[in-house]
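User: I would like to go through this model step by step, with short reasoning behind each reply. Please take the questions in turn.
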Amino acid sequence: MRQLVWLAMGIAIGAGALAAVWVNAADSSDDPDGAIDVRIVLERLNDGRVEAGLQQRDAEGEWGDTLRPARRFLPPDAPTNRPLFSSDIIVDTDSRYEDVARNYADFLFTSGGEIAERFHERFGSSEDAPKMLCIVDLNNRGIERLCDGFQAVYSGPVERLTVSDYEAFRLDLEARLAEDREIRGAFATSVPTANIVDEAREATRRFIRWTYWIELLDPHLPSPDQLYCVISHGSDEDLFWDLSGETSVAAAGMLGINLRSEVHLSGAEQADAVRRCAADGAVAIATTLSEPEALKPAVQDAIAAGIPVISFNSGAEDASEVGTVLHISLDDHEAGRVAGNEFNRLGVEGLVLCVIHEPENQGLQDRCNGLEAAYAGSVERWTMIDREATISELHERLREGDVNAVLGLSSSIGGQVRSAIFQSGLDVRGATFGFSRTIAEYVADGRMMFAIFDHPEIQSYLAAVGALVAERLRIDPLAYFNSMQMLIRPTIVDADTMQTLLESLTTGQESPQAD
């Protein structure tokens, strides 16, 4: 919606000297549903005229620049007791939904013009361009802007056909092609209308030049009542899942979707959460597959109900069998290999502990598998008995004296690995997956050898995006993505990189200084 606001000012000459006058045209605190705050600005100039303008309050509560209409001056000799009106000022009160629709409409208009230019090239010249059909599929709202742009640029005659009933359109088009020999080309704005154009050309043997528009993704924002879910495993004691949940909430705001984000300790609880989302009418679900067998029935039930499900984080090896549309994660096996190669490069020998903090998590097992495949020494998978006692348990294991290095598989566990090594007093080296301020300090000052980032923010954000894209697709998402995998390639993060990140954590959040 664009709202025209007129500065309709009846200003009496005898009202006294004016410097600046403020008037609230709307108070958003009284009417929060779409209201905006504006104020009128009046200024007496040196030559005796009064200049009028309008200011609008922005989302942060600050008044914007003064908007000046073309007719905005009250002359000193203006008659009294007579209202004078400025020219119009356009105040943008568009909602986010309208912004998205308008921007896409502009894109369609431009694209339609570009397609018209291509037809000029095909016909050899824009002069004496032959008659064209531009076919608007009314079943796709907003698509008519393609024909608007086409007609604005195409130099020849254009007949616009609007289609709601495909079968009726088929009969009409065949009749037109058979009878109107001046028609030399067609532009179809959807795949269904393109199919009919192709079939009509064959039926009438009129092989006119033509093209079509394919729109795989519904470009409109979903309505606020459409539910999306991001369901993950994990513990609220693990920074990875804290950052993941934080990113999911941020993603929902950026994407403009209604998103439910949940974290559960067990696969059974996670499966129940997936079922609740389906029962509550979710239009798309993203879930981790740390325990694939526990999640598989719930995921497949959701898919059978027509709800696209994507997977992220754990479960890359099982995603296709479970049936998710696509999978987004760190390449866990490769990450373990990268760690093993780095241990080799740094001269580590003997036994390395691979600390598994979630025994049922297939992704963590994959990291240890990759470590075993690449590391020249031996690897022991060590699983804590009591998460609360990890440091003391690991300390006791290290005191046995046969461990040369320890690899933690998350930032939270990495911190505990460092504490256990410190308490042991032994010459044992440590490395970890994940990022936190503490881990960055440990690597930067040499208390840990290296880190491999697992990127919870990327995984969770892309999970939300993936759920939105899967639901917005105009084509079968399971067949189209075909259990595609998007795997993040892991890299080693060394001391210099960590120091840079530590500095950016502070300098990147400094408030700008006033000039």
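User: In which strand does Val158 lie?

Analyst: The model is a predicted one, and the assignment is read from it. The strand in question covers residues 158–163, and the strand that holds Val158 is β7.

User: Which residues does Val158 touch, not counting residues up to four places away in sequence, and how far apart in space are Val158 and Gly185, C-alpha to C-alpha?

Analyst: With residues up to four places away in sequence left out, Val158 touches Met132, Cys134, Phe150 and Gln151. Val158 and Gly185 are 27 residues apart in sequence, and their C-alpha to C-alpha separation in space is 9.6 Å.

User: How confident is the prediction on average, and over which residues is the pLDDT below 50?

Analyst: The protein averages a pLDDT of 88, and 90% of the residues score at least 70. Beyond near neighbours in sequence, the stretch 1–34 has 70 contacts in the model although its pLDDT is below 50, whereas the stretch 510–515, also below 50, has 0 such contacts. Where pLDDT is low, the predicted coordinates should not be read in detail. The average asked for is thus 88, and the stretches with pLDDT below 50 include residues 1–34 and residues 510–515.

User: In the open sheet of 6 strands, which strands stand at the edges, and why is one side of each left without a neighbour?

Analyst: The strand order in this sheet is β16-β15-β17-β18-β19-β21, and the pairing is mixed. Each edge strand has a single partner strand, so one of its sides has no neighbour in the sheet. The edge strands are β16 (378–383) and β21 (492–493).

User: In what sense do β17 and β18 pair, and which residue of β18 is the bridge partner of Gly408?

Analyst: Strands of a sheet pair through backbone hydrogen bonds, in either a parallel or an antiparallel sense. Here β17 (residues 403–408) and β18 (residues 429–433) are joined over 4 bridges in the parallel sense. The bridge partner of Gly408 in β18 is Thr432.

User: Which strands does helix α12 touch, and what angle does its direction make with that of β18?

Analyst: Helix α12, residues 411–424, packs on the sheet and touches β15 (351–356), β17 and β18. Its direction makes an angle with that of β18 of about 170 degrees.

User: Which strands stand at the edges of the sheet of 3 strands, and which residue of β4 is the bridge partner of Val50?

Analyst: This open sheet has the order β2-β3-β4 with antiparallel pairing. Its edges are formed by β2 (38–44) and β4 (73–74), each with a single partner strand. Strand β3 (residues 50–56) pairs with β4 over 2 bridges, and the partner of Val50 in β4 is Leu74.

User: Which element gives the largest share of the lining of the largest pocket?

Analyst: The largest pocket holds about 290 Å³ of space, and among its 14 lining residues Leu243, Phe435, Pro456, Glu457 and Leu505 lie nearest its centre. Two or more lining residues come from each of α5 (239–255), α14 (456–472) and α16 (495–507). By class the lining has 7 nonpolar, 4 polar and 3 charged residues. The largest share, 4 residues, comes from α5.

User: Which element supplies the largest share of the lining of the largest cavity?

Analyst: The largest cavity has a volume of about 130 Å³, and of its 16 lining residues the closest to the centre are His233, Asn313, Asn361, Leu364 and Arg367. The lining divides into 4 nonpolar, 7 polar and 5 charged residues. While α5 and α10 (362–374) each supply at least two of them, the largest share, 3 residues, comes from α10.

Technical notes: Residues numbered from 1 in each chain as written. Predicted model: local features only at pLDDT ≥ 70, side-chain atom pairs only at ≥ 80, totals over all residues. Heavy atoms only, no water. Pairing = 2+ DSSP bridges. Contact = heavy atoms within 4.5 Å. Axes fitted to C-alpha atoms, helices over the stretch in contact; angles between N-to-C directions. pLDDT = per-residue confidence, 0-100. 1 Å grid on protein atoms, 1.4 Å probe; cavity = no way out; pocket = protein on both sides within 12 Å on 5 of 7 lines; lining within 4 Å. Points joined across faces, edges and corners; volume = space filled by probe spheres on them. Nonpolar A, V, L, I, M, F, W, Y, C, P; charged D, E, K, R; others polar.
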